[in-house]
Amino acid sequence: MAVPDRPSREAAVRADLEEVFRAAYPRVVAVAARVLGTRDEAEDVAQEVFLAFARSAVPAGEAGGWLSVAAAHTALNHLRSGRRRTSREEAADDGGTVSPDVADTVVTLDERRRVREALARLPRRQAVALVLRHSGLSYAEVAAALDLSPGSVGTTVRRAESALREELNRHAPSE
């Protein structure tokens, strides 16, 4: 009795995955790093994003925008989930190392943390638009990725920047 051919696991892999990966990986990592602040964690997010892309039916021609948005969403999810809190606290409590300008380092790290926390509190669409634009995507690319008209990207980004400033002010440390 003949056994029907089953598709192998390898056959389920998209034929265009390697090409899309090679073309889009640097941008996906850059978008995630813009949100997360570290390349290591951004690479973890990129891995998740490409696994999702491999299972998707997104055409290769639309992959760039889809991957950028997925990177921003996934990084924001990581940021919001608090998974990073423990590793951040451990990294900040490095104990014996002293940098030449400790005050500047502490202030810079605190400001970055505050911005990331404020970004995580923004409405998802605003946060993604802001991250994509400040990750180097053009207005046209942001528009395509978020299904906006190119003329509305500037307004969306300005509103997101304004909302981010409001969040930062609302949660400013009291002196």
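Colleague: In this predicted model, is Arg124 buried, partly exposed or exposed?

Modeller: Arg124 is found in helix α6. Its relative accessibility is 25%. Buried would require a value under 20%, and exposed one over 50%. Because 25% falls in neither class, Arg124 counts as partly exposed.

Colleague: Which residues does Arg124 contact, leaving aside its neighbours within four places in sequence?

Modeller: A pair counts as a contact when heavy atoms come within 4.5 Å. The C-alpha atoms of Arg124 and Asn77 are separated by 9.9 Å, with their positions 47 residues apart along the chain. Asn77 is nevertheless among the contacts of Arg124, which are His73, Leu76, Asn77 and Arg80.

Colleague: Where does Gln126 lie, and is Gln126 buried or exposed?

Modeller: Gln126 belongs to helix α6, residues 124–134. The cut-off for burial is a relative accessible area under 20%. Since Gln126 has a relative accessibility of 19%, the residue counts as buried.

Colleague: Which residues does Gln126 touch, not counting those up to four places away in sequence?

Modeller: Helix α8 spans residues 150–170. Arg158 lies in that helix, and its C-alpha is 9.4 Å from the C-alpha of Gln126, at a sequence separation of 32 residues. The residues that Gln126 touches are Arg159, Ala160 and Ala163.

Colleague: Is Arg158 buried or exposed?

Modeller: Arg158 is a residue of helix α8. The class of exposed residues begins over 50% relative accessible area. Because Arg158 has a relative accessibility of 51%, the residue counts as exposed.

Colleague: At what angle do helices α1 and α3 pack?

Modeller: Two packed helices are described by the angle between their axes and the distance between the axes. Helix α1 covers residues 17–36 and helix α3 residues 63–81, and their axes are 9 Å apart. Their crossing is right-handed. The packing angle is about 30 degrees.

Colleague: How many nonpolar residues take part in the contact of α1 with α3?

Modeller: On the α1 side, the contact includes Val20, Ala24, Arg27 and Val28. On the α3 side, Leu67, Ser68, Ala71 and His78 are among the residues that take part. The contact contains 2 polar residues and 1 charged residue, and the nonpolar residues number 14.

Colleague: With which residues is Glu141 in contact, leaving aside its neighbours within four places in sequence?

Modeller: Glu141 is placed in helix α7, residues 139–146. The residue is partly exposed, at a relative accessible area of 31%. Its C-alpha lies 6.7 Å from that of Gly65, although the two are 76 residues apart in sequence. The contacts of Glu141 are Arg27 and Gly136.

Colleague: What is the phi of Asp147?

Modeller: Asp147 occupies the loop between α7 and α8. With a relative accessible area of 70%, Asp147 is exposed. Its phi is positive in a residue other than glycine, with a value near 55 degrees.

Colleague: How far apart in space are Asp40 and Val29, C-alpha to C-alpha?

Modeller: Asp40 is in helix α2, residues 39–55, and counts as exposed at 58% relative accessibility. Asp40 and Val29 are 11 residues apart in sequence. Their C-alpha separation is 9.2 Å.

Colleague: What share of the contacts with a separation of 6 or more joins residues 24 or more positions apart?

Modeller: The protein chain has 8 helices and 0 strands. Of its 175 residues, 35% are buried. Among the contacts with a separation of 6 or more, the share made by residues 24 or more positions apart is 70%.

Colleague: How much surface does the protein chain expose?

Modeller: The accessible surface can be divided by atom type. Carbon and sulfur atoms supply 52% of it. The protein chain exposes about 11200 Å².

Colleague: Over which residues does pLDDT stay under 50?

Modeller: For the protein chain, the mean pLDDT is 82, and 79% of the residues reach 70 or more. Where pLDDT is low, the predicted coordinates should not be read in detail. One stretch stays under 50 and has 0 contacts beyond four places in sequence in the model, namely residues 6–11.

Conventions:
Residues numbered from 1 in each chain as written. Predicted model: local features only at pLDDT ≥ 70, side-chain atom pairs only at ≥ 80, totals over all residues. Heavy atoms only, no water. Helix = DSSP H or I, 4+ residues; strand = E, 2+ residues; numbered from the N terminus. Buried < 20%, exposed > 50% of the residue type's maximum accessible area, 1.4 Å probe, protein only. Areas by Shrake-Rupley, 256 points an atom, 1.4 Å probe, with all protein chains shown as cover. Axes fitted to C-alpha atoms, helices over the stretch in contact; angles between N-to-C directions. Left-handed = near helix turned anticlockwise from the far one by under 90°. Nonpolar A, V, L, I, M, F, W, Y, C, P; charged D, E, K, R; others polar. pLDDT = per-residue confidence, 0-100.
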